[in-house]
Amino acid sequence: MPTYRTSPPAKLNLFLEILGRRPDGFHELDTVMVAIDWRDELELTTSVQPGIRLQVDWLPSREAIAEQLQVAVDDPILFVPDDASNLVHQALSKISAATGYQGGWDVKLGKRIPSGAGMGGASSDAAATLRLAAAAISQVDDDMAGRCSPAMIRGIAEQLGSDVPFFLDPESATGIPGAPVSGQPMIARALGRGEKLTFRPLLVSHRFLVVYPGVALSTPRVYQHCQVSEVPRSGVSVMDAFCSDDATGTQNILYNALESPARGLSPRIGEALECLPVTLSIQNSMTGSGSACFAWITDSGEPVEPLTQQVKGRLEGGALIRPVSTCTGAPEIQIA
């Protein structure tokens, strides 16, 4: 059987505003996101044996990540489920049911993106799974191939989670023919609970320094403590700034309405933000509902390695610290 592989990326929320509370329990959002090259690794193979067999481990190893976070290898922060509670497992169940695929799946998921970080790792893995499974199913049967439409993939993605559609190609994510082509870095504005997406291509690559401070936050708990903004900001100016071919000197663009409640739930958020430098060419913020924080480096000549070492020297305790750049949210699928 062919093996289908891809490298699901993480994301950063450059802007996040709370517009209101919805009857379904979610919040109305205005958020702006980019994909970054902090990646998991996903490998999928079809099987004549029914069922979903998911193997999960950390890359380069569980021991290496535990050492960086200064925790034991069996610490709960490193737990990633391999059962039906994992979004990869759920994605395969849903696409099999929707297409009538009767076979099984063998899946290997290598984790680099931390959980409970606000970086969308589980959502990205789920979207990548849908893309790999659709490609695999299309090779099994022509009738099933016809059922793997962008609309079907988008519908499943929306069921799995608010961030999942962002990691599809723009046409599948929006349902708009002629949407910006996949394969290049994009920026997206999301409205509703995050499922109403508008994509624009990035003219230049953007660099960030991301800090995961070794604490996993519960998204529902952070939202329970948030406040609806009385005078909401708009993500339009953020889209415009990042789509410019020169962002040098752009000030006060990054914003996250969830930063205050997240800080209240964990002092590590404040510690991570305070260890990140802020200058005319560097701004910082928190992504999603936390706990990861990041610095946006607007000056293309600013060296990243000294900043990385500076943060390592300032932040006490374990952390994952990575320099990253913008990338495509729906990376290439490799078949072997």
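**Pockets, cores and aromatic pairs: a walk through the model**

Let me begin with one residue, Ala 128, which, once neighbours within four places in sequence are set aside, is in contact with Thr 6, Pro 8 and Leu 42. Before going further I should say that this is a predicted model, and everything that follows should be heard with that in mind. Ala 128 sits in helix α3, and because its relative accessibility is 4%, it counts as buried. If you look from there to Gly 183, which is 55 residues away along the chain, you will find the two C-alpha atoms separated by 14 Å.

From that residue I would like to turn to the cores. The largest nonpolar core has 79 residues, and those that touch the most other members are Leu 14, Ile 36, Phe 208, Val 210 and Phe 242. The element that gives the most to this core is α3, with nine residues. There is also a second core, separate from that one, which has 28 residues and includes Leu 217, Cys 275, Cys 293 and Ala 319. As general background, nonpolar side chains in soluble globular proteins tend to be buried together.

What does Phe 242 touch, if residues up to four places away in sequence are not counted? The list comprises Leu 14, Ile 187, Leu 202, His 206, Phe 208, Ile 253, Leu 254 and Trp 296. Two of these names come back when we look at rings, since Phe 208, Phe 242, Phe 294 and Trp 296 form one aromatic cluster.

That brings me to the aromatic pairs, for which the count comes to seven. In one of them, Phe 166 and Phe 199, the ring centres are 6.2 Å apart and the planes meet at 5 degrees, so this pair is stacked. Phe 166 belongs to the loop between α5 and α6, while Phe 199 belongs to strand β8, so the pair ties together parts that lie 33 residues apart in sequence. Both Phe 166 and Phe 199 are buried.

Phe 208 and Phe 294 make an aromatic pair that is edge-to-face, with 5.8 Å from centre to centre and 80 degrees between the planes. Here Phe 208 is in strand β9 and Phe 294 in strand β12, so the parts tied together are 86 residues apart in sequence. Phe 208 and Phe 294 are likewise buried.

Strands β9 and β12 also appear around helix α10, which spans residues 267-275 and in which Arg 268, Ile 269, Gly 270, Ala 272, Leu 273 and Cys 275 are buried. The elements that cover those buried residues include β9, α9, β11, β12 and α11.

Finally, the pockets. The largest has a volume of about 1,100 Å³, and it is lined by 48 residues, with Ser 123, Asp 163, Thr 219, Pro 220 and Ser 289 lying nearest its centre. Which elements each supply at least two residues of that lining? They are β2, β3, α2, β6, α3 and α7, so that α3, where we began with Ala 128, comes into view once more. By class, this lining is made up of 22 nonpolar, 21 polar and five charged residues.

The second largest pocket holds about 200 Å³ of space. Its lining has 13 residues, and Val 204, Ser 205, His 206, Thr 298 and Ser 300 lie nearest the centre. By class, these lining residues divide into four nonpolar, five polar and four charged.

Notes. Residues numbered from 1 in each chain as written. Predicted model: local features only at pLDDT ≥ 70, side-chain atom pairs only at ≥ 80, totals over all residues. Heavy atoms only, no water. 1 Å grid on protein atoms, 1.4 Å probe; cavity = no way out; pocket = protein on both sides within 12 Å on 5 of 7 lines; lining within 4 Å. Points joined across faces, edges and corners; volume = space filled by probe spheres on them. Helix = DSSP H or I, 4+ residues; strand = E, 2+ residues; numbered from the N terminus. Nonpolar A, V, L, I, M, F, W, Y, C, P; charged D, E, K, R; others polar. Core = buried A, V, L, I, M, F, W, Y, C linked by side-chain atoms within 4.5 Å. Buried < 20%, exposed > 50% of the residue type's maximum accessible area, 1.4 Å probe, protein only. Contact = heavy atoms within 4.5 Å. Phe/Tyr/Trp six-rings, centres within 6.5 Å; stacked < 30°, edge-to-face > 60°.
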